[in-house]
Amino acid sequence: PPEQIAGLIESFRTGIGKTYESDGACAVTRSEARHIKSVQNQVLPVMIPALDGVQGKLERGALVADVGCGDGALAVGLAQTFPRSTIHASDPNAHAIAHVQRLARERSLDNLVATVASAESLPGSDRYDLMITFDCIHDMTDPQRAIDEIHRRLKPDGTWFVKDIRSKPKFEDNLRNPMLAMMYSFSLFTCMSSAMSAEGGAGLGTLGFNPEVAEEMSRRAGFTRFRMLDF
């Protein structure tokens, strides 16, 4: 759309990108159908069972934080599949949270609570059995602070489940990826824009949170274990 092009040009002038919230309420659901299919076909039947001890905790009743929940496809899927667990969904985008709250009401999901909040400063004081960040750390202006907060809010035996874009640390190594040009264009309009939407933003962008960076930042926050699963 012309307004997106105008916004991109302005961002190049100022160095400050746009938040997801600035795209309006209609942008919240543009990838929802794809996210729902991913949750149904991959996350619930394949990914969750691959995490050590996590499925059993969810079945018995765990406290879960879906950080950067977006359209809520994952939070809703977890709440429906594991009714004994409580899901706290958070996102700085008020449009997204309004959408998730509406879904929770429509589906009578009393175990799903959605709150407007940034990952760097999560609401409440609860400590979680499972914390999830799906395709969102690379969008954050201060991802290190977010990871520090996640580490602080996990129980000692808790799990942080990160799902992010597979990439390499060096641009030359990424050239073998046939989707590279598309990913960089996505980043200009969305991920990198969001990651630089505040002064001093880290600007990781779509391809910036590769496994090497993820492990380094996680260990800096205090995590002592890092396991990569290739789905």
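Is Glu10 buried, partly exposed or exposed? I found Glu10 to be partly exposed, with a relative accessible area of 39% (buried is under 20%, exposed over 50%, partly exposed in between, with a 1.4 Å probe and protein chains only).

I note that this is a predicted model, in which local features need pLDDT of at least 70 and side-chain atom pairs count only at pLDDT 80 or more, while totals for chains, interfaces and linings use all residues. Residues are numbered from 1 along each chain as its sequence is written, and side-chain values use heavy atoms, without hydrogens and water.

Salt bridges. I searched the whole structure and obtained 15 salt bridges (a side-chain nitrogen of Lys or Arg within 4 Å of a carboxyl oxygen of Asp or Glu). One of them joins Arg13 to Glu10 at 3.4 Å, N to O. Both residues lie in helix H1 (residues 2-14), three residues apart (helices are DSSP runs of H or I, at least four residues, and strands runs of E, at least two, numbered from the N terminus). Arg13 is exposed, at 64% relative accessible area.

I then examined Arg153 and Glu149, whose closest N and O atoms are 3.5 Å apart in a salt bridge. They lie four residues apart in helix H6. Arg153 is buried at 2%, and Glu149 is buried at 7%.

Helix packing. I looked up the surroundings of H6 (residues 143-153). Its buried residues pack against strand S4 (128-134), strand S5 (154-163) and helix H9 (211-221) (contact means heavy atoms within 4.5 Å). For helix H4 (residues 73-81), I recorded seven of nine residues as buried, so the helix is largely enclosed by the rest of the structure.
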